[in-house]
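Me: Please take one part of this model and look at it closely, and then work outwards from it to the rest of the chain. I would like a single connected account rather than a list.

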Amino acid sequence: MILDPKQLEGRPKVLIVLHQETSTPGRVGQELVKRGFALDIRRPRFGDLLPETLADHVGSVIFGGPMSANDTDAFIAREIDWIDVPLREKKPFLGICLGAQMLARNLGARVRGHDDELVEIGYYDLHPTDAGSRMMSWPGKVYQWHREGFDMPAGAELLASGDTYPNQAIRVGPAAYGIQFHPELTYQMMVRWTTRAAPRMALPGARQRRDHFAGRFAFDPAVKAWLDDFLDRWIGHADARPLAAEAAE
């Protein structure tokens, strides 16, 4: 869903942090726009600054990327440190894959690969915890694309786990979430990822390309339903912001 910039004037803004020149916020961005929000897209890797406060934003999302939260690049450190802002201001924050790992690093937890060098690339089982089940319904399988996971940060609540990388979804405070999986994935993104990064599907534990597309047909409707429910709870709609308060309960 693409709107003319003039149609977004005056709308509440969500800060979007991306890590590659061609990256997009995918379905998450599309759903936020449908909910009446404007997207303030920034790429710190290419020199964009992050705000000192979220006073002009209703929330923020840090997306994934091919880099590691352990990399020594200056922009990685800046983004990890910047997560202090939404945590301190208790503004809705969502970290997806790399973004979740950055959240964990901000809170003092380790980010590391699997002891047996296994990866998750494709669809894998997701197991909600009791806390996660009380919050909402979760899909049985989700799309993954990562070689690292994160340890549980102190003070975080585990909402969903996995078999290879146990920490799949966490909540921190009233409105900050980190998820390892990729609900933002569109069909076009799947085509692009599985084409440009095809060699990664030879890594131990990765699913074959054909299984990615078969899995999308079988499992994506439940992932989309989850995303709709999650966004309603996490940030609500621009014309009905009180709905987002449910995420803090």
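Reply: Directly after α2, Gly-36 adopts a positive phi of about 95°, and that helix is a good place to begin in what is a predicted model. α2 runs over residues 26-34 and is mostly covered, seven of its nine residues being buried. The buried set comprises Gly-26, Arg-27, Val-28, Gly-29, Glu-31, Leu-32 and Val-33, and the cover over these residues includes β1, β2 (38-42), β4, α7 (187-196) and α8.

One of those buried residues, Leu-32, leads into the interior, where it stands with Trp-138, Phe-230 and Trp-234 as a residue with the most contacts inside the largest nonpolar core, a set of 31 residues. The elements that contribute two or more residues to this core are α2 itself, β1 (13-17), β4 (93-96), α6 (130-135), β10 (157-161), β12 (176-179) and α8 (209-234). Of these, α8 supplies the largest share, six residues. A second core lies apart from this one; it holds 26 residues, and among them are Val-17, Ile-62, Ala-100 and Met-102.

Met-135, in helix α6, offers a view of how distant parts of the sequence come together. At a relative accessibility of 11%, Met-135 counts as buried, because that value falls under the 20% limit. Leaving aside residues up to four places away in sequence, Met-135 touches Leu-159, Arg-171, Tyr-177, Phe-230 and Arg-233, and one of these partners, Phe-230, has already appeared among the residues with the most contacts inside the largest core. Although their positions lie 98 residues apart along the chain, the C-alpha atoms of Met-135 and Arg-233 are separated by 9.3 Å.

Helix α8 also has a residue with another kind of setting. Ala-222 is placed in that helix, yet it is partly exposed, with a relative accessible area of 40%. Its C-alpha atom is separated by 27 Å from that of Leu-203, which is 19 residues away along the chain.

A helix that can be read alongside α2 is α5, which spans residues 98-106 and is likewise mostly covered, with eight of its nine residues buried. Those eight are Leu-98, Gly-99, Ala-100, Gln-101, Met-102, Leu-103, Ala-104 and Asn-106, and two of them, Ala-100 and Met-102, belong to the 26-residue core. Ala-104, also placed in α5, is buried with a relative accessible area of 0%. Beyond its sequence neighbours up to four places away, Ala-104 touches Ala-109, Phe-150, Asp-151 and Pro-153, while its C-alpha atom is separated by 9.1 Å from that of Ala-154, 50 residues apart from it along the chain.

The backbone after α5 recalls the point from which this account set out, for just after that helix Gly-108 takes a positive phi of about 90°. Positive values of phi also occur at residues that are not glycine, and the general background is that most residues other than glycine have a negative phi. Cys-97 has a positive phi of about 55°; it sits in the loop between β4 and α5, where it is buried, with a relative accessible area of 4%. Glu-117, whose phi is near 60°, belongs to the loop between β5 (111-113) and β6 (120-125), and at 63% relative accessibility it counts as exposed.

Seen as a whole, the chain has eight helices and 12 strands. Its radius of gyration is 17 Å, close to the 18 Å that the globule rule gives for 249 residues, so the chain is as compact as a globular protein of that length. The C-alpha trace spans about 45 × 40 × 35 Å along its principal axes, and 51% of the 249 residues count as buried. Of the contacts between residues at least 6 apart in sequence, 70% join residues at least 24 apart, and the pair formed by Met-135 and Arg-233, with 98 residues of separation along the chain, illustrates such distances in sequence. At the surface, the accessible area amounts to about 11,300 Å², of which 50% belongs to carbon and sulfur atoms. As for charge, the chain carries 30 positive and 33 negative side chains, and the centres of these two sets lie 3 Å apart.

Notes. Residues numbered from 1 in each chain as written. Predicted model: local features only at pLDDT ≥ 70, side-chain atom pairs only at ≥ 80, totals over all residues. Heavy atoms only, no water. Helix = DSSP H or I, 4+ residues; strand = E, 2+ residues; numbered from the N terminus. Rg over C-alpha atoms; globule rule 2.2 N^0.38 Å. Buried < 20%, exposed > 50% of the residue type's maximum accessible area, 1.4 Å probe, protein only. Contact = heavy atoms within 4.5 Å. Areas by Shrake-Rupley, 256 points an atom, 1.4 Å probe, with all protein chains shown as cover. Lys, Arg positive; Asp, Glu negative; His and termini not counted. Charge placed at Lys NZ, Arg CZ, Asp CG, Glu CD. Core = buried A, V, L, I, M, F, W, Y, C linked by side-chain atoms within 4.5 Å.
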